[in-house]
Amino acid sequence: MVTVRMPSGSGRRCDMLAACMFLVCVILSMFCCDAGAETVTLGPLSIYIDMSCVPDPYVVTRGEIEEMHESFNCTVYSTTIGHANDVILELHRLDREMNVSVERMIPFAEHLLPRGWSTEHGDFEVDGHEGVLINATDLYYPKMRLICFSPDGDDGWGCEIIVARSTVWGNRSIDLFRSIRVL
C-alpha cells in the first residue's frame, strides 16, 4: 500500500479548486441554457422561440403566399423547424383589421390539422396576448398542439394572426409555445 502525504494546507487548496470549478460550471451552464433559442423571421415580424426541445432544429423559411380568408386578402409567411416539420410557424397578415376573438382565429389553424382528428381548445396566453390552444388527437398518432394569437389585437381587433403547430412529444410543446416572443 502506498501512502501519499499532502503538505499542510493542501486540503484547503483542493476545496478552493473544487469551488472554483463548480462556479465555472454554473456560469457555463447559464450560457448553455439558451443554446436552443432562435430568432425566426416571419415577413415583417421577428419571433423568438426556444427550440431546445425540438429534436433537430433545422429552420426552413418559405416564401410568402397570397390567399383569401373569408372576405380578407391575406399574406401568409411560413417557417418550418425540424427535418420532420416538428414545428410550423405562420404569420397571417390581413389587408384590414378583423375581430380576433378565439372563434375567429381558429379557422386560420384548421389547414394544419389532419382531417378526422378530434380537437378541443381553450384560452392560452402567448407573450402577453390572449390566444387559443388547440389539442388535436387521433387514435393512431401522437397528440398535436396548435396555438393562435394576434400580436396586434390586444383591443380585440387586429390584422396579424400567428399560428404555431407542434408535434413535439409531451408537454414540451407547451414549453415551446410559452417561449414565443414577438420582437
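**Figure 1. The largest pocket of the predicted model has a volume of about 240 Å³.** Its lining comprises 14 residues, and those closest to the centre of the pocket are Val 100, Met 105, Glu 130, Gly 131 and Gly 153. Three elements, namely helix α2 together with strands β7 (118-126) and β8 (129-137), each contribute at least two residues to this lining. In chemical character, the lining residues divide into 4 nonpolar, 6 polar and 4 charged. The structure shown here and in the views that follow is a predicted model, not an experimental one.

**Figure 2. A salt bridge joins Glu 70 and Arg 104, with 2.9 Å between the closest N and O atoms.** Glu 70 sits in the loop between β4 (65-69) and β5 (72-81), whereas Arg 104 belongs to helix α2 (residues 102-105), so the pair ties together parts of the chain that are 34 residues apart in sequence. The acidic partner, Glu 70, has a relative accessibility of 58% and therefore counts as exposed, being over the 50% cut-off. Arg 104, in contrast, has a relative accessible area of 26% and is partly exposed. Helix α2, which holds Arg 104, is also among the elements that supply at least two residues to the lining of the largest pocket.

**Figure 3. Glu 160 and Arg 93 meet through their side chains in a salt bridge, at 3.2 Å from N to O.** This pair links distant parts of the chain, since Glu 160 is in strand β10 (residues 157-166) and Arg 93 is in strand β6 (residues 87-99), 67 residues apart. With a relative accessibility of 9%, Glu 160 falls under the 20% cut-off and therefore counts as buried. Its partner Arg 93 reaches 30% relative accessibility and counts as partly exposed, so that a buried acidic residue is here paired with a partly exposed basic one.

**Figure 4. Asp 95 and Arg 96 form a salt bridge between their side chains, at 3.4 Å from N to O.** Asp 95 has a relative accessible area of 43%, and the corresponding value for Arg 96 is 39%. Both figures lie between the 20% and 50% cut-offs, and the two residues are therefore classed as partly exposed. A search of the whole structure finds 3 salt bridges, and the pair of Asp 95 and Arg 96 is one of them.

**Figure 5. Ser 78, a residue of strand β5, is shown with its surroundings.** At 13% relative accessibility, Ser 78 is under the 20% cut-off and so counts as buried. When its neighbours within four places in sequence are left aside, Ser 78 is in contact with Leu 42, Val 60, Thr 61, Arg 62, Ile 88, Leu 89 and Glu 90.

**Figure 6. The whole chain, given as context for the close-up views, contains 3 helices and 11 strands.** Read from the N terminus on, its elements follow the order α-β-β-β-β-β-β-α-β-β-β-β-α-β. Of the 183 residues in the chain, 40% are buried, and the chain exposes about 11,100 Å², of which carbon and sulfur atoms supply 55%. Among the contacts between residues at least 6 apart in sequence, 49% join residues that are at least 24 apart.

Key: Residues numbered from 1 in each chain as written. Predicted model: local features only at pLDDT ≥ 70, side-chain atom pairs only at ≥ 80, totals over all residues. Heavy atoms only, no water. Helix = DSSP H or I, 4+ residues; strand = E, 2+ residues; numbered from the N terminus. Buried < 20%, exposed > 50% of the residue type's maximum accessible area, 1.4 Å probe, protein only. Contact = heavy atoms within 4.5 Å. Areas by Shrake-Rupley, 256 points an atom, 1.4 Å probe, with all protein chains shown as cover. Salt bridge = Lys/Arg side-chain N within 4 Å of Asp/Glu carboxyl O. 1 Å grid on protein atoms, 1.4 Å probe; cavity = no way out; pocket = protein on both sides within 12 Å on 5 of 7 lines; lining within 4 Å. Points joined across faces, edges and corners; volume = space filled by probe spheres on them. Nonpolar A, V, L, I, M, F, W, Y, C, P; charged D, E, K, R; others polar.
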